[in-house]
Amino acid sequence: MDFSLTPEQETFRARFRAWVADNIPAEWRLTASGGDLPRPDAYELLRKWQRKLYDNGFIGLTWPKESGGAGLTFMEEMILQQEMALAKAPPILNVLGVGMAGPTIIAWGTDEQKRRYPPKILSCEEIWCQGYSEPNSGSDLASLQTRAVKDGDHFVVNGQKVWTSVAHVADWMMLLARTDPDAPKHKGITYFLLDMHAPGVTVKPLKQITGDDEFNEVFFDNVRVHESQILGGLNNGWQVGLTTLMYERLALGFGLQVRLRIALDNVIDMARRMEKDGRVITKSPVMRQKLAQLWIDTECLRLTGARAITRLLRGELPGPEASAGKMGWVETHQKLQELAMEIQGPYAQLAKGSDRAVDGGLWHYTFLRSRANSIEGGTTEIQKNIIGERVLGLPKG
Ligand SMILES: Cc1cc2nc3c(=O)[nH]c(=O)nc-3n(C[C@H](O)[C@H](O)[C@H](O)COP(=O)(O)OP(=O)(O)OC[C@H]3O[C@@H](n4cnc5c(N)ncnc54)[C@H](O)[C@@H]3O)c2cc1C
């Protein structure tokens, strides 16, 4: 990849750098974690932050103008992400909308769908969730059982989803439902844009190890969806759904590197403040080595992400190699959170609410949250299968 910037891109960098320095919300500076996805207690702050990015044209850079984007390239997106990391800027709230639903609608939607949904995703007026996993269908997604049965110009949906992140605040769902039970399992699925406020949708929060209710069970009881809400054609949901998954892995592998970089800077900062046996942690050669290794891994991920961008700059969709970025991010982030625990020693056990918890218990929280990284967005074992079979061309397991 050629990293040299055009004069216009240099100007863009300078403009965004100045803007972000002046506009990060003051409340965020006090609680900045940088390590992870939005936390429920910060939802409102992040909603306003995303709106501010939108009002100033700093979100959806690569999306077409008619879909509310800026019509720029992934080079500008990469510059923006790098500057976000340097400034330790907050994440956005509508992560699934911007990272997955929007790009999938732009790739597969009708003109009307492309005009209707993406702008409200970017402005954070409408939050999106992803209705893929079911109680008996996770890694083997094609076995999903939620049914959508045609009734005039509507479909009637019955069934259940689970682990649905942010469903409790979502306005829309990317729903995969079975529309032809007699077809081979990959061929009888349809992708719907489902209104979460429709009668018959019930959302029940599930508590995670962190104590937050970040994900949910979602039940459908005779939910009526108009056929115009199908994305990408009847019984074509598997292909459309894969596009979402590729973008999800791209967002996890590439976008979350920014948060990884912020978390790394914060770990180093924390290590400089902590002592063991009367010696500052960063004076220990072993700890220095571990921190340096994390820095190297983070840089490698950034550069691997740049390879994926080269592909996008050529106008191609993200491919199966996005799985390598996702897997690399998971391993590095979990290693980072484990090191943060080690640096704190016994203090690592203290959670938010304890006077002596390091950084207000932030690391305790982010360590627990990071355990989910190797499950969400497809488990590490599944990513390895994809890399083995679809990138390296190895025989099927
Ligand atoms: C924090 C979090 C947020 C999530 N958010 C969402 C969301 O918003 N929407 C959504 O739809 N889902 C969401 N999920 C669900 C997630 O996508 C699934 O948990 C994941 O795909 C695994 O499915 P499963 O839990 O059914 O496990 P299973 O598929 O039952 O897997 C169990 C174990 O078997 C292994 N395994 C399974 N098949 C194979 C194979 N072929 N080869 C090797 N090993 C295999 C897996 O790696 C895993 O270790 C979320 C999960 C988490 C943890």
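Begin by selecting Glu338 and Arg371, whose side chains meet in a salt bridge with a distance of 3.0 Å from N to O. This pair links distant parts of the chain, since Glu338 sits in helix H10 (residues 322-344) while Arg371 sits in the loop between helix H11 (362-370) and H12, 33 residues apart. As you look, keep in mind that the model is predicted. If you colour by accessibility, Glu338 comes out as partly exposed, with a relative accessible area of 36%, and Arg371 is partly exposed as well, at 35%. Both labels follow from the cut-offs, because partly exposed covers the range between under 20%, which is buried, and over 50%, which is exposed.

Next, select Arg51, Asp55, Lys120 and Glu125, which are joined into one network by salt bridges that share partners. The count of salt bridges in the structure comes to 24. Side chains of opposite charge can pair when their charged atoms come close.

Now move to helix H6 (residues 111-116) and select Glu112 and Arg115, which both lie in this helix, three residues apart, or about one turn of the helix. Their side chains meet in a salt bridge, at 3.6 Å from N to O. Glu112 counts as partly exposed, because its relative accessibility is 47%.

Stay with helix H6 and add Arg116, then select Glu126, because the side chains of Arg116 and Glu126 also meet in a salt bridge, here at 3.0 Å from N to O. This pair links distant parts of the chain: Arg116 belongs to helix H6, and Glu126 belongs to the loop between helix H7 (118-122) and strand E1 (128-131), ten residues apart. Is each partner buried or partly exposed? Arg116 is partly exposed, with a relative accessible area of 26%, whereas Glu126 is buried, with a relative accessible area of 12%.

From there, go to Thr146, which is found in the loop between E1 and strand E2 (147-151). Thr146 counts as buried, because its relative accessibility is 1%. If you draw a distance from the C-alpha of Thr146 to the C-alpha of Leu176, you will find 7.8 Å in space, although the two residues are 30 residues apart in sequence.

The next stop is an empty space inside the model. Rolling a probe the size of a water molecule over the atoms shows where empty space is left. The structure holds one cavity of 30 Å³ or more, and the largest cavity has a volume of about 30 Å³. To find the largest cavity, select Leu250, Ala308, Arg311, Leu312, Pro318, Gly319, Glu321 and Ala322, which line it. Which helix gives the largest share of this lining? That share, three residues, comes from helix H9 (residues 285-313). By class, the lining of the largest cavity has five nonpolar, one polar and two charged residues.

Finish the tour on the surface, and select Val391, Leu392 and Leu394, which form a nonpolar patch with about 280 Å² of accessible area together. Leu394 lies in the segment after helix H12 (380-391), and Leu394 is partly exposed, with a relative accessible area of 47%. That value lets Leu394 belong to the patch, because patches are made of residues with over 30% relative accessible area and no salt bridge.

Methods: Residues are numbered from 1 along each chain as its sequence is written. This is a predicted model: local features need pLDDT of at least 70, side-chain atom pairs count only at pLDDT 80 or more; totals for chains, interfaces and linings use all residues. Side-chain values use heavy atoms; hydrogens and water are left out. On a 1 Å grid over the protein atoms alone, a cavity is a set of points where a 1.4 Å probe fits but cannot get out, and a pocket is an open set with protein on both sides within 12 Å along at least five of seven lines; lining residues have an atom within 4 Å of a point. Grid points are joined across faces, edges and corners, and a volume is the space filled by probe spheres set on the points. Helices (H or I, at least four residues) and strands (E, at least two) are DSSP runs, numbered from the N terminus. Ala, Val, Leu, Ile, Met, Phe, Trp, Tyr, Cys and Pro count as nonpolar, Asp, Glu, Lys and Arg as charged, and the others, Gly among them, as polar. Patches are made of residues with over 30% relative accessible area and no salt bridge: like charges are joined within 9 Å, nonpolar side chains (Val, Leu, Ile, Met, Phe, Trp, Tyr) within 5 Å. Accessible areas come from the Shrake-Rupley method with a 1.4 Å probe; for residues, only the protein chains shown count as cover. A salt bridge is a side-chain nitrogen of Lys or Arg within 4 Å of a carboxyl oxygen of Asp or Glu. Buried means under 20% relative accessible area, exposed over 50%, partly exposed in between (1.4 Å probe, protein chains only).
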